[in-house]
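Q: Got a minute to go through this structure with me? I'd like to start with a helix and then move to a sheet.

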Amino acid sequence: MISRAQTQHIKNVLSVATRMGAADAPDDNMLIHKSWTRCVNDYGLDPSRLRAPNIVTSDILREHQEQIEEFMLVARVGMEQLYKRVSGLDYVLLLTDAKGIAVDYIGNEARSRELKQAGLYLGAEWSEQSAGTCGVGTCLVEQTALTCHQGDHFDPTHIPLTCSAAPLFDPEGKFLAVLDMSALTSPMSKESQHLALHLTVMYAQMIEDANFLRHFDDRWILRLGTAWGLVEVSGEIMLAFDDEGVVVGANTGARQLFGRRDGLAGNEPVGRLVCELFNLSADELWRLVRANGSGDRSVVARDSNKMFYASVAVPRRRKPAPLANAAPAGGQLLEHTSYPILDRLAGDDKAMRRLLDQAKRLLNRKLNILIHGETGTGKEVIAKALHESSARAGKPFVAVNCGAIPESLIESELFGYTAGSFTGGRSKGMKGLILQSDGGTLFLDEIGDMPLHLQTRLLRVLSEKEVLPLGADKPVALDLTVIAASHRDLRNLINAGSFREDLYYRLCGTTLHLPSLRDRTDKRYLIEKVLAEEAELLNIEAGISSEAMLQMLCFGWPGNIRQLRNVLRFALAVSDGNIIMPSDLPQEFGDQFVQQGGGPAVAAEPVAVPVEGRTSEECDMEQLLTALMRNKWNVTKAADELGFCRATLYRYMKKYGIVPPNLR
Ligand SMILES: Nc1ncnc2c1ncn2[C@@H]1O[C@H](COP(=O)(O)OP(=O)(O)OP(=O)(O)O)[C@@H](O)[C@H]1O
């Protein structure tokens, strides 16, 4: 049902789109009106056809995320900072890629239904072609920051929204992403969004510059600014150059100064000598490096005659020197990326592989990490693996379950106490768990259960890097990495007032989301791995029958990998031989299998499968059965899921002797 306001909006859009098409009359809302015209004339969109938001599938979303995943890590830090600035104002932050797909999102979880309905959500497609004129889509086309406020939107369903968007470019100057700050409701006047646009532009620039510095962390960086005291920290204009003084990268500010951004004419600074671009001799350039912030730091750009203050930062990381007998000239040395402890945590599950790649890149950075996942998904296991793969391996790894320590003891356990400082304490006092982890990693499991007053003390430990034991008059300095974990969404706890927002931001330098076992596609790998580990403890060789394997693959695993380990331990204990049979599994396995329509359709005779490796035939049968059971034996749906036609699916069923339950 179209409202009166929407009908008026449609008329307005169509009248502008046809008028502008005839004579490109300038007006005060030019960008928006040009976009309406494109939507009608170029993309054939009809404003009277209301569109539901297009949210892509999780597989497609993952593909888009994978394309820019390194950049996303940097952007996430900026987004969290920005969200902190605007929290309580009901804004949502979206990061879209250059195709307009929202690859990252931060919003109020309590309003996630409404936000999803409006398309302000992870996976939403906001290109102009798909959504019409909007903050992200129009920013993508115009490559400039803008606010698309209420009636500026093309689609009448979007007219309650306000969206401020800013473009992000990669270190080569190519369009990379859009940062968008949107709200479901806002005051009528577009001016009300002035600050929102300003903040979006500012954080987009900060993210872009952080990405630039990450990309060129093995190069010299020349920073230029117009304020003398701020030039070391401002990223207004940055050029990366090599040991010969040749520019190898320029940020957006520098590209604008030299009149060129991707595709636009001008003098490309990359490839030229720094001394050619400014009135600087080579000696003066290196003097700037040595001056380290003091002395005369003014330089003048030769093209524009503009004066700037300059500073030069030394490379943060040196490229490894080529090895003797290394690859031929031009060949690349591979970076060392093998971390066996982390690598063994997953098989071929895409989400886990991505998470592990992300984890590897975080190693040895001074970042605290938050791990989120259902109980038993392996949060502590991954925290320990991160510790053991880092330079802190060999130093203490101290795990604390904040939910398991009685509230009355948690303070003394964590912070420790001096002799005689509390009744019932040890006479010599006690070094708390925080201090015990000095030099290593402190793993705080179930951080959401930590009482509020201790959150305040923990925050102080993290920000000041020192701890004050109970009864002590002087704090003790420490150096530690904190990995915190929770199965609950901490943002909900923040909204409910039981978790400190500042502590949350301090803890989540980055967040790793562990998938639940039922969603993992490497269940067979995990079953075989945990079975091998349990068998080794008993000093036996163990295997598993095809049917028991099938029942385990089809099980829902509410207790995740912990439950898997317990089930295998139980099965090995009750098994007659060393091959686990369906009868060795707890009762609920058989029950769930029959409810899903499984049963003795295949491999009535138990067959031991080797713990390592499997044939492609077994794999196909397994996929086939899983798809059939997941779709309640609906052959059409199962075939769709597998990407076969029905006839092919029937052919496979015949080949493996799979009989649907209703025909048995
Ligand atoms: N990748 C893995 N490979 C083998 N075993 C694993 C793996 N991940 C977890 N486990 C096993 O699962 C069990 C639970 O792991 P862990 O304690 O790390 O889970 P958790 O998510 O921290 O649980 P909780 O939220 O209840 O504290 C342990 O027995 C652990 O050995």
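**Helix 22 and a five-stranded sheet**

A: Sure. On the other side of helix 22 from its buried residues, Ala573 and Val574 are exposed. Keep in mind that this is a predicted model.

Q: Which residues of helix 22 are buried?
A: Asn560, Ile561, Leu564, Val567, Leu568 and Ala571.

Q: Where do they sit around the helix axis?
A: Looking down the axis of helix 22, the buried residues fall within an arc of 115°, so they line one face.

Q: What covers them?
A: The cover includes helix 20 (523-538) and strand 21 (579-580).

Q: And the dimensions: how many residues does helix 22 have, and what span does it reach?
A: It runs over residues 560-574, which is 15 residues. First C-alpha to last is 21 Å, close to the 21 Å expected at 1.5 Å a residue.

Q: Switching to the sheet. What is the strand order?
A: The order is 8-7-6-10-9. It is an open sheet of five strands, with antiparallel pairing.

Q: Which strands stand at the edges?
A: Strand 8 (247-250) and strand 9 (298-300). Each has a single partner strand, so one side of each lacks a neighbour in the sheet.

Q: How are neighbouring strands turned against each other?
A: By 35° on average, ignoring direction.

Q: Back to strand 8. How many bridges does it share with strand 7?
A: Three, in the antiparallel sense; strand 7 covers residues 237-241.

Q: What is the bridge partner of phenylalanine 241 in strand 8?
A: Valine 247.

Conventions
Residues are numbered from 1 along each chain as its sequence is written. This is a predicted model: local features need pLDDT of at least 70, side-chain atom pairs count only at pLDDT 80 or more; totals for chains, interfaces and linings use all residues. Helices (H or I, at least four residues) and strands (E, at least two) are DSSP runs, numbered from the N terminus. The expected span of a helix is 1.5 Å times one less than its number of residues. A residue is buried if 20 or more other C-beta atoms lie within 10 Å of its own, exposed if 12 or fewer, and partly exposed in between; C-beta atoms are placed from the backbone. The arc is that of the directions from the helix axis to the C-beta atoms. Two residues are in contact if their C-beta atoms, placed from the backbone, lie within 7 Å. Two strands pair if DSSP finds at least two bridges between them. Axes are lines fitted to C-alpha atoms, for helices over the stretch in contact, and angles run from 0 to 180 degrees between N-to-C directions.
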